[in-house]
Amino acid sequence: MDKNLVQKLDELRTLVMKPSPLDSQSIQSLIIQLKIACTTLPGLDPSTPFTSNSTPEFLFVRELYELIVISSVKLHDFITFERHVSYLKSLYFDYSSHLESSSNTHLILSLNLMNLLSQNRIAEFHTELEFLVKSIGNLDSFPMYQFPLELEQFLMDGSYQRILKCIKEQNMELFDPFCTILVETVRDEIATCIEKAYDVVSISYVKSVLFYDDPDDVNLMHFCKDREWTFDQNTVHFNASKRHHNDHNQMILFDEIIPTVQMMKRTICYATELER
């Protein structure tokens, strides 16, 4: 490998592994330089078959992508995160017989699970889980996966208080951005439920179920305003007219997608013909 490339990768590693906040401009500049340089490496040419001489170049680009993933988490750039995780999965699994395993494999894959979970993409989470079990084996053997698996179980059970407790107790810095998103996702799910179930509730109840503990209620006020909830002394009023309007629209949409009356007539017709 070119010594200049190795030196730049070392610089990038030093910048990415520093405590937050990161120097995003320096990191992006190095990433661009290294990506351009990778296009000139002969072993990475897609038209060239993999050989043992290509191994150092593949290991180089794998570490580069791992650093990009880690930096994108710290910088909250989740589009870049998802794109480079997909690249790394190819290197981890498609080239597993050619490349030695990376010490960051389970970290990257667990971060991917956290990303899916935090956005409530449960179907994709389970698909990814099945893939990992098939490719790696029993995930219980790897501590890095325990946190996202526990959160997913609590989410499925509706144990939102346990989710919050679990998030507060975890000490993995790279999980923090996803935990922040997950808390907001959980709040939205709870808020949707309570505004459908009640017309009016106390502010203290809303604070309790939505996990707000700030003394001045500023964050709670912003949340309520975004959902068009109103305040009256110590109570919160939900937008009932909007809720009923949305429910009515959903019923109309459902009837447009599935013509229920027409289906009932046909079913009765079929039943009559069968009786004959």
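**Exercise 1. The nonpolar core**

Find the residues with the most contacts inside the largest nonpolar core of this predicted model, and trace where the core draws its members from.

*Solution.*
Step 1. The largest nonpolar core holds 76 residues. Leu12, Leu151, Leu210 and Trp229 have the most contacts inside it.
Step 2. Helix α3, residues 55-74, gives the most to this core: ten residues.
Step 3. Now the domains. At least three core residues come from each of domain 1 (1-15 + 58-197) and domain 2 (200-261).
Step 4. Take Leu12 as a sample. Residues up to four places away in sequence aside, Leu12 touches Ile27, Leu30, Ile31, Leu34, Leu64 and Leu67.
Step 5. A general point fits here. In soluble globular proteins, nonpolar side chains tend to be buried together.

**Exercise 2. Arginine 62**

Decide whether arginine 62 is buried or exposed, and look for a partner of opposite charge.

*Solution.*
Step 1. Arginine 62 sits in helix α3.
Step 2. Arginine 62 is buried.
Step 3. The nearest side chain of opposite charge is glutamate 66, 4.4 Å away. A salt bridge needs a side-chain nitrogen within 4 Å of a carboxyl oxygen. Arginine 62 has no salt bridge.
Step 4. List the contacts, leaving out residues up to four places away in sequence. Arginine 62 touches Leu88, Leu91, Tyr92, Leu99, Glu100, Ser101 and Ser102.

**Exercise 3. Two salt bridges on one arginine**

Work out which acidic side chains pair with arginine 227, and where each lies.

*Solution.*
Step 1. Aspartate 188 forms a salt bridge with arginine 227, with the closest N and O atoms 3.5 Å apart.
Step 2. This pair links distant parts of the chain. Aspartate 188 lies in helix α9 (residues 176-197), and arginine 227 in the loop between α11 (218-226) and β2 (230-232). They are 39 residues apart.
Step 3. Glutamate 195 also meets arginine 227 in a salt bridge, at 3.0 Å from N to O. Glutamate 195 is in helix α9, 32 residues from arginine 227.
Step 4. Compare exposure. Arginine 227 is buried because its relative accessible area is 18%, and buried means under 20%. Glutamate 195, at 19%, counts as buried. Aspartate 188, at 35%, counts as partly exposed.

**Exercise 4. A salt bridge within one helix**

Explain why glutamate 169 and lysine 165 are separated by about one helical turn, and give the distance between their charged atoms.

*Solution.*
Step 1. Both residues are in helix α8 (residues 160-169).
Step 2. They are four residues apart, so about one helical turn separates them.
Step 3. Their closest N and O atoms are 2.8 Å apart, and the pair forms a salt bridge.
Step 4. Glutamate 169 is exposed, with a relative accessible area of 55%.
Step 5. Set this in context. The structure holds nine salt bridges. Asp10, Arg13 and Glu63 are linked in a salt-bridge network.

**Exercise 5. Leucine 44 and asparagine 112**

Classify leucine 44 and asparagine 112 by exposure, then list their contacts beyond four places in sequence.

*Solution.*
Step 1. Leucine 44 lies in the loop between α2 (24-38) and α3. At 22% relative accessibility, leucine 44 counts as partly exposed.
Step 2. Leucine 44 contacts Cys38, Glu57, Phe58 and Val61. Valine 61 is 17 residues away in sequence, and 8.8 Å away from C-alpha to C-alpha.
Step 3. Asparagine 112 is in helix α5 (residues 105-118). With a relative accessible area of 7%, asparagine 112 is buried.
Step 4. Asparagine 112 contacts Phe81, Val85 and Glu128.

Methods. Residues numbered from 1 in each chain as written. Predicted model: local features only at pLDDT ≥ 70, side-chain atom pairs only at ≥ 80, totals over all residues. Heavy atoms only, no water. Core = buried A, V, L, I, M, F, W, Y, C linked by side-chain atoms within 4.5 Å. Buried < 20%, exposed > 50% of the residue type's maximum accessible area, 1.4 Å probe, protein only. Helix = DSSP H or I, 4+ residues; strand = E, 2+ residues; numbered from the N terminus. Domains from an automatic or database assignment. Contact = heavy atoms within 4.5 Å. Lys, Arg positive; Asp, Glu negative; His and termini not counted.
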